[in-house]
Amino acid sequence: MTESQPGTSADRQYTGLSSEEAAQRLQQYGPNALVTKKVSLFKLLFGYFWGPIPWMIEVAAVLSAAVQHWVDFYIIMALLLFNAGVGFWQEFTAGNAVEALKKELAQQARVLRDGKWLVINASGLVPGDIVRIRLGDVVPADAKLVDGDYISVDQSALTGESLPVTKKQGEDVLSGTIVKQGEVLAEVTATGQNTRFGKTAGLVEQAKTVSHFQKAVLNIGNYLIYVSLTLVAILVLVQLHRHTPWLDLVQFALILTVASIPVAMPAVLSMTMAVGAMLLSKKKAIVTRLESIEEMASMDIICSDKTGTLTQNKLTLGDIETFEAADAQEVLLMASLASREEDRDAIDSAVIQGLTDNELLASFKQSKFVPFDPVHKRTEATVLTPQGDTFLVTKGAPQVIMEMAKLSGDDLKRADKAVNAFAAQGYRALGVGIKKGDKHDWSFLGIISLFDPPREDSKKTIEMAREYGVHVKMVTGDNLAIAKQIAGKLGLKSNILKSDILPRDIKTIPGDSLGQEIEEADGFAEVFPEHKFSIVKIIQGRNHITGMTGDGVNDAPALKQADVGIAVSGATDAARAAADLVLTSPGLSVIITAIEEARRIFERMNSYAIYRISETIRIMVYVVMAMLLFNFYPITAIMIILLAFLNDIPIMAIAYDHTRLEQEPVRWDMHSVIAVGTAMGIVGVIGTFGMQLLAMDWLKLSVPEIQTYVFLQLSVAGHLVLFVARSKDHFWKRPWPAPVMVWSTVITKVAATFLAAYGFGFITPITWPEIALIWGYSICSAFVTDLVKVQVYRHLRHQAPGEQHFIGRMKRSLFS
């Protein structure tokens, strides 16, 4: 497509590349687009069936099919497909940040080829092309300005700078930035992956983190599998020595193994997080990666982008120092007359919005307007009053306006002092002048200050985060003065570091002293995307679970690398796709809500992990020891299946349970989880043996009746253990369990009770007095288990009295 352009000196100077040369360079440098490695949907989906956790479930399915227990087989396969489906959907819908980065690139470009101006797809640009960029354009590639006065570009999404930047001839502009003023010709210097934009996308692809949730599930699963397989192996060897029929033995051993492997664990934990994600979505926080909920509960540092996240990314009027003006509003009126609202310039908009009387502004008329340029550093307008008089107004760099007004003496000192004071606060200062009638000299009206103000809720959010043990670090592309000024307003300390202390190579691991300095800093100034990425990686390397908030393209790599990437309201597509949590309402206060909900969800998952370990040990150790000691099956294969079915229903309800809210970040402490779960399981084994001895020696029941006895005791006591496991304190204390959890447990216990009373062709029935004895015995056992649990927790705390803070616990964690 050919675009006609007015003749300029540039058109006569430049002919652009020839079509042949452009084609050659396209072959050499590749298209001006982000190149990504495509993974087929089939391969992506297959990945969720390959790995330790899927293998664990698949082995259980094979064992069920081997003994033709098809109901178990179908249930296990459904769980496998559910886990794979949840993971696949999360990655498919929210994992491709690079695709969103592509959308940020300019789609078309005006290029000079064969001496003619053409409009082509931006992907066809090559180094050496001459392009025309003007107001409203997205810069299509990294380029050097070769002709034209200047342009003003908004590069906040790429560098984090809150104010537009002026670029003059000979200076570089970056791909993906937006032109706010001016029109120039530029020579393309880099395209595609070689642009700063492309390198940002490359960082997103490099960003990888391993979920602590997956590690926890794997560690718990491995522990239970090792315990189960060891006990089953002992059982098989001993029973074969006793000449037990091998087919019956293998069938029972397989069923026992299937029941013991925590097949439902990934599904239960995924559902717990999914329910939490639904609750968060109602509170304007959308979770794009389920595991990030667990990471958020553990998060102890948030690196927050300043521009647009902690601040409004909107220039706002500050203090006004008046000189020859009657008041501040007169300064603003004259500054507004030296502006042009239709240009939508950020400075002009801030000035005009500060006026209290817009009707007065409308009564004047601009007859001529000279826009800002980097040479004269000011705007100027010729204004017609309602009475028909004419005067000139100007606004711009204070030093320029002061010189035009020939300011001297005390006025000059006061003006210099005001400008320096504004600069120290990180404010931008504007001088305003007026020239009336035939006067040759300008009058200096005053100095206006402008700044990017913090969001209203930012300071409170930082304070609340601190109360929850989460330290906020500010990260910005602005200079050190602005960073320190904003940090003070937000309630952060002034230990702000410049980015030049960071390693140049993002793969370089800093020494201990530099790492500690970065860890203890309150923020970072003058950073680029690779700096943000490095900051997150270095802090993660110091054993912190790190969050990152942001809204721009420049934040995408760090958002992807962080344990919890949080895209704020109004974020770019690239930031949203790289994030784990997307906020849909303005401000950061919803992050606190997300932290609270995440910690409650973590407590539910922790409770379930302890319960699962306790139950596996109770059933496995008891069954194997009972067979070794008494040489008969204490429970039948069908009872094991029924037990698993009845247990799974209330377990799913744990996703809705009420839990206490921890005031410090929490992490998986495998030492504590396994110790408490094992201790509760051993108490359960002793309790079940006691129940069996009562049935054998006191009630003199037959073997089938003893099996029913044991079945009901395992069912009732197992559900009570769920209530014991849900709290570190005594189970009868607040917070009390959710009604859905109570009722699901009551219904399944009643079902197990009626099954024991009437049999229904599945098991041998027992009498109601015997059932009452089991219930009473199980309730007493629950209190004993609870006392042991509390003592174990106290013992663990006594072992490390100085490590009650989560950092102390995490050092003893399997993830240290």
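**Exercise 1.** Is Glu526 buried, exposed or partly exposed? Find also its salt-bridge partner.

*Solution.* The model is predicted.
Step 1: Glu526 has a relative accessible area of 29%. Buried requires under 20% and exposed over 50%, so Glu526 is partly exposed.
Step 2: its side chain forms a salt bridge with that of Lys498, at 3.9 Å from N to O; the cut-off is 4 Å.
Step 3: Glu526 sits in the loop between β19 (523-525) and α22 (529-541), while Lys498 belongs to strand β18, 28 residues apart.
Step 4: Lys498, at 33% relative accessible area, is partly exposed.

**Exercise 2.** Place β18 in its sheet and identify the edge strands.

*Solution.*
Step 1: the order in this open sheet of eight strands is β9-β22-β21-β20-β10-β17-β19-β18, with mixed pairing.
Step 2: β9 (285-287) and β18 (496-498) each have a single partner strand, so they are the edges, and one side of each lacks a neighbour in the sheet.
Step 3: from one strand to the next, the twist averages 20°.

**Exercise 3.** Locate the salt bridges of Lys728 and Arg726, and state the burial of each residue involved.

*Solution.*
Step 1: Lys728 meets Glu603 at 3.6 Å, N to O. Lys728 is in the loop between α28 (703-725) and α29 (739-758) and Glu603 in helix α25, so the bridge ties together parts 125 residues apart in sequence.
Step 2: Lys728 is partly exposed at 31%, whereas Glu603 is buried at 8%.
Step 3: Arg726 pairs with Asp657, with the closest N and O atoms 2.8 Å apart. Both Arg726 and Asp657 are buried.

Methods
Residues are numbered from 1 along each chain as its sequence is written. This is a predicted model: local features need pLDDT of at least 70, side-chain atom pairs count only at pLDDT 80 or more; totals for chains, interfaces and linings use all residues. Side-chain values use heavy atoms; hydrogens and water are left out. Two strands pair if DSSP finds at least two bridges between them. Helices (H or I, at least four residues) and strands (E, at least two) are DSSP runs, numbered from the N terminus. Axes are lines fitted to C-alpha atoms, for helices over the stretch in contact, and angles run from 0 to 180 degrees between N-to-C directions. Buried means under 20% relative accessible area, exposed over 50%, partly exposed in between (1.4 Å probe, protein chains only).
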